[in-house]
Amino acid sequence: MLIIYLPKNINFETTVIFFKQLESNFLTEDIYIDINQLQFSTPTSMLIIGSKLKAWRAARESKQLRTGFKKVINSEAISYLGHLGFFDFIGSKKNVGKKMGEAFGSETYVPIIKIEKPKFDTLDNWYESIISSVRGLANVLAGTKYDTEEHRFYLYTLREIVRNVFEHSQADDCFICGQRWGNGKVEIAIVDEGIGLLSSLNRSHKLLNDEDAINLAIKPGISATNDITSVENIYDNSGYGLYVLSEVVTNFGCFTLGSGSKRLISALGKQSIDDLDFNGTFIGLELNKTPKHFSDILKDVIACGEKEAQDYAKASSASKMSKVL
C-alpha cells in the first residue's frame, strides 16, 4: 500500500512536487493520501491541489484503482481546512469539517464556495447575476461593503474572472475563495474544471501548445471570440479582462495563471512559465497592498492596451463593461 503525503507547506514549489508524485503513481494499485502533516496552505495552492486530487482520483476510479485517505488527526491546520470545506471539495466521504457553502467565513476570509453559471437573459442581467455572486467576497477582501476604490477594485476583479470562466471555459461552475490578512495582504483564488485556455483560444487562434495559450491570454484584445460575429458574441467579450488583471496585480504583488500543462507566474516585473499538469484553468492573485486609485489605473491600463492592440490584425477596443467599475 503506497502512501502519498501532502506537503507540510503547500506553495508554488511543493505543489509541483506533489503533482509529479500523483502522476508518476497514477497506475499504482492501492494508494492512500495522508494529509496529516500539513501545516500551512495558501488559498490558491489549496484550490489547485484540491481540484487536482479530485480529478486524479476520478480518473483512477474509472480504471478501478483504489484511492483512500488516511484517517485525519485533528490539528489547527486540518481543522481550518475542514472549516473551509476542503474535504468536501476533494470528494472525501469522511465526515470532516464543513460542506462547501456551509461555513459563513468571517470578516477576513471566505471559505471555498461554488459559483454556478447564471442563466443568460440579457447582458445587463448577466452582469448583475455575476456581481451578485461575488459581492460578499469583495466585501471581505476590501474590508468594507461601501463604494471605496478598494471595493471597486475587488468587485471588478472578481466580476471579470468569473465572467471569463463562464464565457470561455464551457464549465457550469467554478470554485473560489479568498483571504485578507491584518498586514493588508490579500489573496484570491479561482478554479474551473473546463476545457482550458488552449482549447478555448483555438476557436479563433491557431495555437500549438499551452504555453502559447497562456502567453496570448494575457495580451489585450485577445479572446476566443475574435473570430465570431457580433451576433454570436452574446457576452460582448473583447479580450481585456485577464490583460487588465495581469497588468495591475503584477505591479502590486503576484499574478498566477495555469492551464493544461503550464503555469505562468508574474510578479514585480518578472515573469516565468513552468510545468504544472492541471485539468482546467486556475487564477491566483496575491496583492501586497490594494490599489488606492484603481479608477485612474484602469483607464491608463485600458488605454495602453488599446494602443498595443492596434498591432494585431484582429484586435478590438475594450468593451464598455471592461471599462466600467
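Is S45 buried or exposed? S45 is buried, because its relative accessible area is 2%, where buried means under 20% relative accessible area, exposed means over 50%, and partly exposed lies in between (1.4 Å probe, protein chains only). The structure is a predicted model, in which local features need pLDDT of at least 70 and side-chain atom pairs count only at pLDDT 80 or more, while totals for chains, interfaces and linings use all residues. Residues are numbered from 1 along each chain as its sequence is written, and side-chain values use heavy atoms, with hydrogens and water left out.

**Surroundings of S45**

S45 belongs to helix α2; helices (H or I, at least four residues) and strands (E, at least two) are DSSP runs, numbered from the N terminus. When its neighbours within four places in sequence are left aside, S45 is in contact with I10, N11, F12 and T15, contact being defined as heavy atoms within 4.5 Å. From C-alpha to C-alpha, S45 and I90 are 13 Å apart in space, with their positions 45 residues apart in sequence.

**The sheet of five strands**

Five strands form an open sheet in the order β6-β7-β8-β10-β9, with antiparallel pairing, and two strands pair if DSSP finds at least two bridges between them. Its edge strands, each pairing on one side only, are β6 (109-116) and β9 (253-267). The twist from one strand to the next averages 15°, where axes are lines fitted to C-alpha atoms, for helices over the stretch in contact, and angles run from 0 to 180 degrees between N-to-C directions. Within this sheet, seven bridges connect strand β8 (residues 186-192) with strand β10 (residues 270-287) in the antiparallel sense, and A189 has G284 as its bridge partner in β10.

T256 is placed in strand β9 and counts as buried, because its relative accessibility is 1%. Apart from neighbours within four places in sequence, the contacts of T256 are F12, R263, L264, I265, F282, I283 and G284.

**The sheet of three strands**

A further open sheet has three strands in the order β1-β3-β5, with parallel pairing. Here the edge strands are β1 (2-5) and β5 (66-69), each pairing on one side only, and neighbouring strands are turned by 25° against each other on average, direction ignored. The parallel strands β1 and β3 (residues 30-34) are joined by four bridges, and in β3 the bridge partner of Y5 is D34.

**Helices lying across the strands**

The table lists helices with the strands that they lie across and the angle to one of those strands.

| Helix | Strands crossed | Angle |
|---|---|---|
| α1 (residues 12-24) | β1 and β3 | about 160° to β1 |
| α2 (residues 43-62) | β6, β7 (173-180), β8 and β10 | about 20° to β8 |
| α5 (residues 123-142) | β6, β7 and β8 | about 15° to β7 |

**Nonpolar cores**

In soluble globular proteins, nonpolar side chains tend to be buried together. A nonpolar core is here a set of buried Ala, Val, Leu, Ile, Met, Phe, Trp, Tyr and Cys residues joined through side-chain atoms within 4.5 Å. The largest such core has 58 residues, and those with the most contacts inside it are Y154, L158, I190, V244, F255, L257 and I283. Helix α5 gives the most to this core, with 10 residues. Not counting residues up to four places away in sequence, V244 touches Y156, L298, V301 and I302. A second, separate core of 35 residues includes L6, V16, L38 and I112.

**Aromatic rings and charges**

Rings of Phe, Tyr and Trp (its six-membered ring) pair if their centres lie within 6.5 Å, and planes under 30 degrees apart count as stacked, over 60 as edge-to-face and the rest as tilted. By this rule the count is 11 aromatic pairs, and one aromatic cluster is formed by F153, Y154, Y156 and F294.

A charge sits over a ring if NZ of Lys or CZ of Arg is within 6 Å of the ring centre and within 35 degrees of the ring normal. The charged end of R60 sits over the ring of W56 at 5.1 Å from its centre, and K70 lies over the face of Y32, 5.8 Å from the ring centre.

**Surroundings of F120**

F120 is located in the loop between β6 and α5 and is partly exposed, because its relative accessible area is 33%. Residues up to four places away in sequence not being counted, F120 touches W126, I234 and Y235. F120 and L287 lie 167 residues apart in sequence and, from C-alpha to C-alpha, 32 Å apart in space.
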